[in-house]
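Student: I am new to this structure. Please take a close look at its aromatic rings, and show me how they sit in the fold.

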Amino acid sequence: MPHRIIFIHQNAPGQFKHLLAYCAANSQCEVVVIGEKQRLKANFPKALPNVQFHVYEITEISREQVPVELWTTTQSMRRGRAVALCLQNVRDSGFRPDVIYGHPGWGEMLHVKDIFPDARIVNYCEFYFNREGQDLSFDPEFQLEAVDSYRVRTDNMAQLVSLIDADASICPTHWQRSRYPTLLRDRMTVVHDGVDPTVVKPDPSATVRLSDGLVLDRSRPVITYVSRNLEPYRGFHVFMRALPEILRRLPTAHVLIVGGDEVSYGRKLAGGMTYRELMLTQLGAQIDAQRVHFLGRIPYAQYLRVLQVSRVHVYLTYPFVLSWSVLDAMATGAVVIGSDTAPVREVIDDQVNGLLVDFFSHAALAEKVCQASLKFDQFLELRERSAATIRDNFNLASCISRQLDVLFPSSDLLRQQLATA
């Protein structure tokens, strides 16, 4: 009998990218994916021809129609109902899943048990909101309004309902699991999404060609910073304030900055200004546009080359979800300098497989970046330990196998096929 699984993620494939691709290519699996129509990547369905895709839509409503502290909950309820209609269509087609695996953060998992009461329900637990010890009020420069502290409780409501109904959950890191209520943690297994060491690895021949024709490789100092969007949650403001000193002390260095101008987390600036515009306005001529290159959002292959030419990669984050980019940078052989915050400390041991710095100290960051760049060859053992950390603890094959253990605990057929792949 085939193993039938439904993946649910508004931004599919999201964190299911590797696992979904494995299941889609596995003859033992029948796969359905449900995502939001306007967010589903245009080329994604074409890449997985053996997968059934179902999309849902939710109409826009004005924020003024809903109390601010209930906005997230209201949207989650609307999204949950839209996914329920999708699931009904799947049921009417005759598909009966063994497992439904989805992200509960946006309400999509609210009604899965109502439509398929006999399926095994597994949640991908990315983040639980708390008033203390994480992102809320971490950065005194960008304080949230008082009402946001009340939203912490209500923003968790839909996720909590989904978790109570679930049979199991997967968390990508131990710190992220630790943020959930104690009574729910026993059903949570820590398994990362995984890093493919056959793809994400050092490449001495890698080059990056910039729009002005300049070609960069690791023979010269290249400093990198990557974030989905350039914003305070990922320490963009701290990194930018470190640049004048870095540029002064490293006169031949180039800085590659990857990320968009939207806001993924936190609050937008008033007047429509982006955080990139804010920092460039504040720093002015201290930022040499001939040496600091904003690449925007770029294709994955180009992103990988950026990391492969990097001597020093900077990763800063509030106490929040750990980014894939820090693991990719460690795997590709850069000296990784991370913020001394809890999510980063889980993967970087200071002076062992990377360097840690006070999140708020741009002066300390500049000093460590300059030292690592000037003494790059002396960090060979640290860089090797960094890459080994990813191979040993985040190897894609191992992570997929462990995810399958949670999804299909009574079957080893999928894992046997993985072992022989």
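**The aromatic rings in their setting**

Tutor: Of the protein's 421 residues, 54% count as buried. Keep in mind that this is a predicted model. The fold holds 17 helices and 15 strands. Its radius of gyration is 22 Å, close to the 22 Å that the globule rule gives for 421 residues, so the protein is as compact as a globular protein of that length. Along the principal axes, the C-alpha atoms fill a box of roughly 65 × 55 × 40 Å. The protein exposes about 18800 Å², and carbon and sulfur atoms supply 50% of that area. Now take contacts between residues at least 6 apart in sequence: 69% of them join residues at least 24 apart.

Now the rings. A search of the whole structure finds 21 aromatic pairs. One of them joins phenylalanine 16 and tyrosine 124. Their ring centres are 5.9 Å apart, with 85 degrees between the planes. That pair is edge-to-face, because its angle is over 60 degrees. Where do the two partners lie? Phenylalanine 16 is in the loop between strand E1 (3-8) and helix H1 (17-25). Tyrosine 124 belongs to strand E5 (residues 120-124). The two are 108 residues apart in sequence, so the pair ties together distant parts. Both partners are buried: phenylalanine 16 has a relative accessible area of 1%, and tyrosine 124 has 2%.

A second pair has another geometry. The ring centres of phenylalanine 127 and tryptophan 175 lie 6.4 Å apart, and their planes meet at 35 degrees, so this pair is tilted. Phenylalanine 127 sits in the loop between E5 and helix H5 (146-155). Tryptophan 175 is in helix H7 (residues 174-178). The pair links distant parts of the chain, 48 residues apart. Phenylalanine 127 is buried, and tryptophan 175 is too.

This second pair is part of a wider group. Phe127 and Trp175 belong to one aromatic cluster, together with Phe129, Phe138, Tyr233, Tyr265, Tyr318, Phe320, Phe359 and Phe360. Try picking them out in the view.

Rings also meet charges here. The charged end of lysine 17 sits over the ring of tyrosine 300, 4.6 Å from the ring centre. Lysine 17 falls within helix H1 (17-25), the helix that follows the loop of phenylalanine 16. Elsewhere, arginine 276 lies over the face of phenylalanine 294. The distance to that ring centre is 5.4 Å.

What about cysteines? The search finds zero disulfides. Take cysteine 29. Its closest cysteine sulfur is in cysteine 23, at 4.2 Å, too far for a bond. A disulfide needs the two sulfur atoms within 2.5 Å. Cysteine 29 counts as buried, at 12% relative accessibility. Cysteine 171 gives a similar picture: the closest cysteine sulfur, in cysteine 125, is 4.8 Å away, which is too far for a bond. Cysteine 171 is buried as well, with a relative accessible area of 0%.

End with one more ring, a histidine. Histidine 54 has its place in strand E3 (residues 51-56). Its relative accessible area is 18%, and the residue counts as buried because that value is under 20%. Leaving aside neighbours within four places in sequence, histidine 54 is in contact with Val32, Val33, Ile34, Gly35, Cys86 and Val90.

Technical notes. Residues numbered from 1 in each chain as written. Predicted model: local features only at pLDDT ≥ 70, side-chain atom pairs only at ≥ 80, totals over all residues. Heavy atoms only, no water. Phe/Tyr/Trp six-rings, centres within 6.5 Å; stacked < 30°, edge-to-face > 60°. Helix = DSSP H or I, 4+ residues; strand = E, 2+ residues; numbered from the N terminus. Buried < 20%, exposed > 50% of the residue type's maximum accessible area, 1.4 Å probe, protein only. Lys NZ or Arg CZ within 6 Å of the ring centre and 35° of its normal. Rg over C-alpha atoms; globule rule 2.2 N^0.38 Å. Contact = heavy atoms within 4.5 Å. Areas by Shrake-Rupley, 256 points an atom, 1.4 Å probe, with all protein chains shown as cover.
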